[in-house]
Amino acid sequence: MNPSERLRVVVTGATGNVGTSVLRALEREPRVASVLGLARRTPRLTLDKTEWAEVDLSLEGDEPRLAQYVADADAVIHLAWRFQPTHDPVTTWQTNVLGSVRVFDAVAAAHVPVLVCASSVGAYSPGPGNGAPVSESWPTHGWPGAAYTREKAYVERVLDTFERDHPQTRVVRMRPSFLFKEESASEQRRIFAGRWLPGQLFRPELLPLVPELSGLRFQTLHTDDAADAYRRALLRDVRGAFNLAADPVIDSEVLGRLLDARPVKVPTSAVRGVLSAAWRMRVAPASPDLFDAVLRLPLLATDRARRELEWEPSRTSVEALEAFLRGARAGSGEETEPMAGRRVG
């Protein structure tokens with residue numbers, strides 16, 4: 001990409017957790033001239049470089065509109081993804097898989113030079129038995145029990161075919177760990193814990209214990225740091241996948257210190273049983289299958305991103321979680337429908 005170019009970038013899923021951070025990262029980038037944010041509904045969020053357009057990637061018949069929006073793009077950043085409803089995997093498949101296929105078809109038809117696509121740690125097969133971090137070469141077959149991981153793995157296969165058939169398009173896949181920021185806390189609380197769980201419950205004095213589960217070790221990253229990696233991948237002549245995560249690894253001991261709570265060993269089967277019952281009764285929106293997948297996620301080695309993107313997280317994984325907890329307690333949000341919050345106190 002010529003350093004003198006000023007780019008027109010199209011971003012799908014621009015109103016979500018990652019999308020709003022990516023838009024702001026592009027706002028600050030001198031080499032980006034304009035951004036077109038695509039969403040199902042136009043938000044109230046206003047940014048100097050960003051225009052908005054409505055498109056529903058799950059709908060057959062919206063393809064001509066999508067083709068029009070990407071026709072003059074220098075790059076497409078594809079972030080659109082639906083986590084819910086977990087009781088209706090056909091609905092999430094229509095957006096996450098078929099919607100991605102529609103985006104890739106539009107990119108191919110318009111000969112867009114760059115496609116940066118959001119993948120996930122969830123695309124990876126279960127990690128090695130010794131718990132060692134995996135590189136980007138680790139298999140991406142997901143965990144078959146959960147819709148989220150199945151869909152992420154399937155989109156990886158679609159991208160394999162796209163890269164083979166369209167080598168003129170530079171394709172980058174971003175595989176981050178769990179992403180948190182203060183403004184996304186209300187959305188994430190609704191997605192994973194349910195609309196009726198008060199954010200004020202995330203106070204240390206109300207959580208004296210944290211469950212210590214066998215196999216529960218994961219990584220997090222502040223969403224703004226992930227957005228910086230997207231910006232770098234857009235502007236550099238790189239291809240392929242990049243793992244994104246911050247240190248330290250989160251386990252029950254780290255959670256205990258963060259929440260000033262005592263870790264207590266709890267059988268994994270007992271926790272799964274509670275989650276399963278709550279999900280079947282539609283009290284909790286996150287399925288027990290996703291819990292199974294989380295326990296099998298590998299840890300990510302981020303050497304390639306640090307080397308080729310010259311990327312470094314500006315916040316630790318603990319600071320990312322602290323931002324989420326602040327946002328959950330305060331009802332923080334953003335001026336978009338998915339991330340709407342409710343300020344408290």
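The exercises below, each with a worked solution, concern a predicted model.

**Exercise 1. The sheet**

Find the order of the strands in the open sheet of seven strands, and decide which strands stand at its edges.

Solution. Begin with the general point that strands of a sheet pair through backbone hydrogen bonds, in either a parallel or an antiparallel sense. In this model the open sheet of seven strands runs in the order β3-β2-β1-β4-β5-β6-β10, and its pairing is parallel. The edges are therefore β3 (50–54) and β10 (240–244), since each has a single partner strand and one side of each is left without a neighbour in the sheet. On average, neighbouring strands of this sheet are turned by 20 degrees against each other, if direction is ignored.

For a closer look at one pair, take strand β5 (residues 114–118) and strand β6 (residues 170–176), which are joined in the parallel sense over five bridges. Within this pair, Leu 115 has Val 171 in β6 as its bridge partner.

**Exercise 2. Two helices that meet**

Describe how helix α1 and helix α6 are placed relative to each other, and what kinds of residues form their contact.

Solution. First locate the helices: α1 covers residues 17–27 and α6 covers residues 223–235, and their axes come within 8 Å and cross at roughly 55 degrees. An angle of this value lies between the limits of 35 degrees for roughly parallel and 65 for roughly perpendicular, so α1 and α6 are oblique to each other. The crossing of the two helices is right-handed.

Next list the residues that meet: on the α1 side they are Asn 17, Val 18, Ser 21, Val 22, Ala 25 and Leu 26, while α6 contributes Thr 223, Asp 224, Ala 227, Tyr 230, Arg 231 and Leu 234. Sorted by kind, the residues of this contact are seven nonpolar, three polar and two charged.

**Exercise 3. Two residues and their surroundings**

Decide whether Thr 302 is buried or exposed, and do likewise for Glu 308.

Solution. Thr 302 lies in the loop between α9 (288–294) and α10 (303–308). Its relative accessible area is 9%, which is under the 20% limit, and Thr 302 is therefore buried. Apart from residues up to four places away in sequence, Thr 302 touches Asn 243, Leu 244, Ala 245 and Trp 311.

Glu 308 belongs to helix α10. Because its relative accessible area of 30% falls between 20% and 50%, Glu 308 is partly exposed. Setting aside neighbours within four places in sequence, Glu 308 is in contact with Arg 236, Val 238 and Phe 242. The C-alpha atoms of Glu 308 and Arg 232 are separated by 9.4 Å, although these residues are 76 residues apart along the chain.

Definitions and conventions
Residues are numbered from 1 along each chain as its sequence is written. This is a predicted model: local features need pLDDT of at least 70, side-chain atom pairs count only at pLDDT 80 or more; totals for chains, interfaces and linings use all residues. Side-chain values use heavy atoms; hydrogens and water are left out. Axes are lines fitted to C-alpha atoms, for helices over the stretch in contact, and angles run from 0 to 180 degrees between N-to-C directions. Helices (H or I, at least four residues) and strands (E, at least two) are DSSP runs, numbered from the N terminus. Angles under 35 degrees count as roughly parallel, over 145 as roughly antiparallel, 65 to 115 as roughly perpendicular and the rest as oblique. A crossing is left-handed if the near helix is turned anticlockwise from the far one by less than a right angle, and right-handed if clockwise. Contact means heavy atoms within 4.5 Å. Ala, Val, Leu, Ile, Met, Phe, Trp, Tyr, Cys and Pro count as nonpolar, Asp, Glu, Lys and Arg as charged, and the others, Gly among them, as polar. Buried means under 20% relative accessible area, exposed over 50%, partly exposed in between (1.4 Å probe, protein chains only). Two strands pair if DSSP finds at least two bridges between them.
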